[in-house]
Amino acid sequence: MTSDPTAIVLAPDGVLGSLQQLVERLSAANIRVDAVDEVGVAAQIASRTPFAPPVVLVDLRGLGQGSELEDIQVAAERLRKVVHAMPLVQPIAITGHADARIVVACIRAGAADVLDMNLEGTAAARAVVTRVYLKQIVGAGHARTAATLRAMIEDMLKDLILTERRSIDLEDRLAQFESVTGEVRELVDQRPPSMLLVEPALDIAKDLADRLEQAGVVTYAFVAGEDATRELDGLLASGAGFDLALIAAQLPGIDGLETVRRLRDRLPGLPAFLVTSVHDADLAARAADLGVVGFVQKPLPDLEEVVSRLAQLAHDALERTREQLYLQRIKARHERVLARYRSLPREQ
């Protein structure tokens with residue numbers, strides 16, 4: 001059985017005149033009414049009864065001091081604040097003149113109804129308050145149901161991801177023995193981190209590549225951007241993967257930024273660092289626009305430290321790639337469950 005409605009009158013200028021009479025008459029009709037002057041106080045009161053939110057009556061009778069447009073803006077803003085602070089509440093606007101534009105603005109701002117104090121009496125007000133109160137109870141029930149379903153599905157998805165990761169790992173290991181050619185297929189979760197290096201100085205490129213290989217990072221080194229972009233498709237077709245790129249800004253032929261741009265055409269999101277010996281604000285701005293993640297200054301001050309840092313970045317990038325692939329595969333397997341989850345109303 002539904003309890004008697006409760007209400008909050010939000011009156012910034014106080015409960016005076018006809019509004020005071022309305023409060024008294026609603027109270028006499030077994031509707032408990034709290035009068036407040038701030039939205040925050042109203043929200044605190046409403047939070048005490050989340051299963052049956054009180055109806056909030058917003059006093060707009062003081063409008064009319066400015067232009068019609070200003071009145072419309074003020075009315076809409078007051079109601080939006082109420083809806084934002086109390087998502088389960090559908091406020092009722094209280095006016096002293098039922099101007100059509102004001103009414104439309106109130107409804108669009110989230111009001112469930114509009115009461116004109118000059119036209120409607122206690123019976124009409126009680127009927128509106130009761131109707132909105134019952135509507136809010138239904139809405140609160142739907143919100144609780146959606147929140148419960150969302151929590152259940154979130155728990156299920158956590159367990160599902162753990163189970164599916166184990167299944168995917170097993171399937172990938174079995175897939176190694178199912179290749180038609182008999183060759184073992186290299187998988188992203190088994191390969192070491194890899195880097196694409198473009199450095200025009202052959203001695204520096206060779207030294208960096210050797211040190212990165214010793215640090216456990218497979219490194220593909222080139223001395224020109226054209227070489228790297230030309231060979232990329234063949235490397236990808238052979239099963240190579242790239243987790244990081246280290247590109248010299250100054251290169252023969254296409255420069256470092258153009259090289260990064262072309263690599264990103266084939267490998268969107270590839271993290272790239274630029275190696276440069278000059279401080280150039282324009283270069284830094286263009287690199288930022290392209291999404292370059294950092295710079296390495298020449299001459300390299302501490303090669304061991306640079307190699308160690310690059311190796312760690314490559315490992316981190318590979319781990320992110322693994323997680324993305326796991327989630328993509330899990331999503332593909334369970335698109336119907338995820339679609340149902342996405343369709344649930346979000347908590348406010």
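Me: Which residue in β4 is the bridge partner of Val 58?

Reply: Two strands count as paired if DSSP finds at least two bridges between them, strands being DSSP runs of E with at least two residues and helices runs of H or I with at least four, numbered from the N terminus. In this predicted model, the partner of Val 58 in β4 is Ala 93, and strands β3 (residues 55-59) and β4 (residues 92-95) pair in the parallel sense over three bridges. Local features need pLDDT of at least 70, side-chain atom pairs count only at pLDDT 80 or more, and totals for chains, interfaces and linings use all residues. Residues are numbered from 1 along each chain as its sequence is written, and side-chain values use heavy atoms, with hydrogens and water left out.

Me: In what order do the strands of the open sheet run?

Reply: The order is β2-β1-β3-β4-β5, with parallel pairing, and the edge strands β2 (32-36) and β5 (113-116) each pair on one side only.

Me: Where on α8 do the buried residues lie?

Reply: An α-helix has 3.6 residues a turn, so residues three or four places apart point the same way. In helix α8 (residues 256-266), the buried residues (under 20% relative accessible area, 1.4 Å probe, protein chains only) are Gly 256, Leu 257, Thr 259, Val 260, Leu 263 and Arg 264. They lie on the same side of α8 because they cover an arc of only 155° around the axis, taken from the directions from the helix axis to the C-beta atoms.

Me: Which elements do the buried residues of α8 pack against?

Reply: With contact meaning heavy atoms within 4.5 Å, they pack against β6 (194-198), α7 (225-237), β8 (244-248), β9 (272-276) and α9 (281-290).

Note on methods. Buried < 20%, exposed > 50% of the residue type's maximum accessible area, 1.4 Å probe, protein only.
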